[in-house]
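Visitor: Could you walk me through this model, please?
Guide: Gladly; have a look at it here.

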Amino acid sequence: MNGREMPVTVDVASLLAVENVSLSFGGVKALSDVSFDIRRGEIRAIIGPNGAGKTSMLNCINGFYHPTQGSITFNGERRRRMRPSAAAAGGIARTFQNVALFKGMSTLDNIMTGRSLKMHSGFFWQLLRHGPALKEETAHRRVVEDIIDFLEIQHIRRIPVGKLPYGLQKRVELGRALAMEPQLLLLDEPMAGMNLEEKEDMSRFILDVNQHFGTTIALIEHDMGVVMDLSDRVVVLEYGRKIADGTPQEVKRDERVVAAYLGLAHEGDQA
Amino acid sequence: MFYREAGQFKTSYTADMAIFPLREDRIGLAVIIVCAYALALTGNSFLLQAVMIPFLIFSLAAIGLNLLTGYTGLLSLGTGAFMGVGAYACYKLTTLFPGLNIVLCILASGFFAAAIGVVFGLPSLRIKGFYLAVATLAAQFFLQWCFIRVPWLVNYNVSGAIEAPLRTLFGIPIVGATATPETRYLVVLTMVIGLTWVASNLVHGRVGRAWMAVRDMDIAAELIGIRLLRTKLLAFAVSSYFCGVAGALLVFLWYGGAEYDVFNINQSFFILFMVIIGGLGSLIGSFMGAALIFIMPIVLGMVVPAVLNPFGLGVSAATIEHLRFMIVGALIIFFLIVEPHGLARLWQIGKQKLRVWPFPY
Amino acid sequence: MNMLYSIFVEPFVLMGSAPDLLIQTLWEGLVAGVLYALIALGFVLIFKASGVFNFAQGIMVVFAALTLVGFHEMGVPALLALILTIGVMFVLAVAVERVVLRPLVNQPDAILLMATFGLTYFLIGFGELIFGGSPKQMITRELYLPQGSTDLDLLGGLVRFQHIDIAAAVIASLIIAILAVFFSKTRIGRALRAVADSHKAALSVGISLGQIWVIVWFAAGIVALVAGIMWGARSDVSFALQIVALKALPVLILGGLTSIPGAIVGGLIIGVSEKLGEFYWGSLVGGGIETWLAYIIALLFLLYRPQGLFGDKIIERI
C-alpha cells in the first residue's frame, strides 16, 4: 500500500495479522509494538487490565484509529490507514464496550442497518418503494428474521432499542454485527454488566456463531472464566505492550500475566 | 372496539412491511384523502385560500426540514432560504421556458434548491449541532442577499419582486391572478400527497434507516459501512428539494408573488418550530405542527378580539402578532419539556388508548 | 483581468493612497468588534457554566435595551430605569432557571439549544407586547454617556472618533476585566469553573447548580444590557437589532465556545474584516455583504479548525 512493502511471511491460516503496531495520542502511548495474529475460525481473546489498550487495538483493526507505526494485514491485504467503512466492506464487524445502538430505531431496523452494505437497489426505486427496492427489502428482512430467531429476540422486534434493558441491547448489537455476515467479528466486552444467566446465553451465542457460521471472533472480556472457556488462544496486553500470547492454559501459567493481570484483578475484587 | 389488529394476520414480509399495516389505518387515511379532495367542492374560498393551501405548503416544507433535522439529526436554520431558491428557480424556469408545464417547473425548481442545499451541507461532515446551525445561517443570509442583489433572478424587475405569471394545466389556469382557489388547492393537495408518499417511502427503506443511524450514533453507522458524507449530503439534497418545491408552491400557488423578505430567518424558524412541535422524525407530525403553528394565529385573531372587545379593549393586528410569537416560543419550551417527541407522540398514545378501549390497558 | 484588478489591486491602492480612510474603517471595525465580543461574552459565560448554547443571548441584548428605554418612556427617571432593568434581568435569570433549565437538566444539547430558540421568540413577543414594536431612541444623554465626536488630523485627513464609541470600548474592556477577575479570584467564580467541568462532580461537592445558573444568566443579562445600551446608542432600539446580535455566533465559532479571550479576538477579527470587506470590496458585488460575510468567514474557518482559535482539540472515543 504505502510503496515500500517489507517481505513478511504471513501465515496462510491467519485471517488477520497485526505487526509491530504502535499508536499514540500526542505524547500518550496507547499501544507500543504489538504483534499477534488471528487464525481463521478461531476465537481469540484479548485481555489485560483497564487502560491496557485493548479497545484501542480493536479501533485500529477496524480503521477507526490509524496506527502511528506498524501494519495490519487482513485477508492477505496489508494496510496502515483505512477508513472504517472500508473495513466494514472488507468483512469486519464489531460491537462496542458501551452499547452503540441506534437508540431511536426498533430492534428490527437496527439489525436491518447491518445489511446496508448488501443493499444496492437504486435511489429511484427507493423513492417508489416498488420493484427491486421492495424485493430487496423483503429478501433482507428474511435474513434479519433468521438472526432475530437465532438470538431469541422475536418479542422485542418492534420496540425502540433505547427502551430495552442492557442485556437485550447487547444482544441486538450482536445481531446487527451478525447481519453484516462478517468474516471477522470483534466483540468489545460482550458480557460487561450482565448477570450470570445473561452471560451464559451470550456465551452460547458466541460459540454458536463461531461453530455454525464459521465466523472468526476476537473478543475483549474481563471475566476470566468466560475467557478460559470460550477462547482458543489469548493475547495479553499491559500498558500497551503484549506480555503473553498462547492458549488459555499457557497464559494462565505465565508469571507476568499472573503478576500483572490476575494479581491486579485480585486486588480489584477486594476493593 | 373498532380499532383492533386482532384477526389481521400477515402471511408475507411484504405485507408486514407495509407502511400502514393495519386495515383501520388504511381506511382512515383513505377517508382523510377523500375528505381533503371533497373540501374543494364546498366552494368556501376563504377556507381554501387562507387556511388549507398555506397549511399544505408549510406541511411540505416541514416534511423537508424534518427529513434533515428529525431523521438525520442535522439542525438547519436555512429553510427559508432554500424555499427561496425553489421559488426564484421556478420563476426563472417559467419565464425562460413559458411553454413548459408549470407543474414540471415547480418540480424541477426543487432540484436547484437541492444543489444549493448540498453545497451548504458540505460542512456537515465535520460539524454538528450548534456549529452546523451557524453554518446554515450562512446559507440563510447569503442566499437572501443574493435574492436582493442579483437582479437577474427577478428578470431585472424594478420592484425587485417576482410575480406569478398566468399558467395553465389542461387549459385551466392554475397559476396567476385568474386561477381560482379551488383549482390551486387541488394542485397543491395532489402535489403534497404525492411528495409525502415519496418521503414516506424513503424513510421506511434503506435510505431512511441510514439517515436515522447517522442521527442516533454516527460513529457506529460509519463502522457498519454507512458512508457519512454521502448519507448526510443526500439528506441535505432531499430536504432542500422538498423545501424548494414548497417555496415555489408558496409563491406561485398561494401568494401569487413575493419579494426576498418572504424567505427571511423568521420563516426558517417557524418551519423549524413546526417540526419540533409536530415531532422530530415523524411525517404525520409535520402536518400537525404546521397546523398548530399556522392555524393558531388565525384562531387567535378571531378569539382574542372577541374576548377583549366587550371590555372596551381594542386589539391591534400587531398585538396578535406579538402574542403569536410569545405563544409559539412558550409552546416550544413546553413541548421540549413535556413531550420532546411532539404532537406525533401524543397521536400515537391516543391510538394506543383507542386500540385497547374500553379497557385502560 | 479587470475583475482581478478590482479585487486584488485597487482596494490596496486605495488603502495606501488614503490612509485616513483606512484608519477610519479599522476604527469602526474595532468598535463593532468590541460590541460583538461583548455579546459573545454573555454567550461564553452561559456555555461555560451550564453547557447551554444560549441562542437567545442576542435577543437578551435587544430585550434589555428595549426594557430600559421602555421604562424611561413611561416616565421613570433614567437611572432608576437602569436599576429597574437590572432587576428585570435578574427576574429573567430566575425565570429561565426555574422554567427552562431545571426541567431540562440532563437533556441532550440539541434539546437545550432548541429551547433557547423558543426563549428567543418568547422574548421578542413579550418585549414587543409590553413596549410596542416601533423603533426607539436610546437615552444616551440621560445616562450621562458622552455624545458628539472628535475629529483628529491623521495621515493627511480627518478621522472621526465618536465619543460613544470610545466609551463603548472602555466600558467593554472594563467588563471583560471584571469578569476575568471574578472568574479566577472569587469563590463563586471557582464554583462556576467546577460546574463547567462536570455538573455531577460539582453537585457532589455541594455546589448548588440552580444558584450558579441564576448567577451566570444574571451576569449574562448585565453584559447584554451593556451591549444593548452601546448598540442602541449607535442606532435605533428595536428587534431589527436581532440580526446584528446574531453576528455574535460566527464570532463564537472563530473564538471557540468556551474561551473569553477567544470571544474578544474573534469579535475584533469579525468586526474589522466585515468593515474592511464592505468598504473596499463590497461595492464590487453591489454592497450589503456585511449581512453574510461574517458567516462565510466562520464557515470557512470551521472547515479548517472546527474547535475554534482557542478551543480544545476534540478527540472522538467509542
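Guide: Axes are lines fitted to C-alpha atoms, for helices over the stretch in contact, and angles run from 0 to 180 degrees between N-to-C directions. Helices (H or I, at least four residues) and strands (E, at least two) are DSSP runs, numbered from the N terminus. This is a predicted model, where local features need pLDDT of at least 70, side-chain atom pairs count only at pLDDT 80 or more, and totals for chains, interfaces and linings use all residues. Residues are numbered from 1 along each chain as its sequence is written, while chains are lettered from A and ligands numbered from 1 in the order in which they are written.

Visitor: At what angle do helix H3 and helix H7 of chain C pack?
Guide: H3(C) covers residues 19-50 and H7(C) residues 163-185. Their axes are 9 Å apart, and the angle is about 35°.

Visitor: Which residue of the contact between H3(C) and H7(C) is charged?
Guide: Contact requires C-beta atoms, placed from the backbone, within 7 Å. Ala, Val, Leu, Ile, Met, Phe, Trp, Tyr, Cys and Pro count as nonpolar, Asp, Glu, Lys and Arg as charged, and the others, Gly among them, as polar. The contact has 11 nonpolar residues, no polar and 1 charged. On the H7(C) side, the charged one is Asp165(C).

Visitor: Which strands stand at the edges of the open sheet in chain A?
Guide: Strands pair if DSSP finds at least two bridges between them. The 4 strands, with antiparallel pairing, have the order S2-S1-S4-S5. Each edge strand has a single partner, so one side is left without a neighbour: these are S2(A) and S5(A).

Conventions: Two residues are in contact if their C-beta atoms, placed from the backbone, lie within 7 Å.
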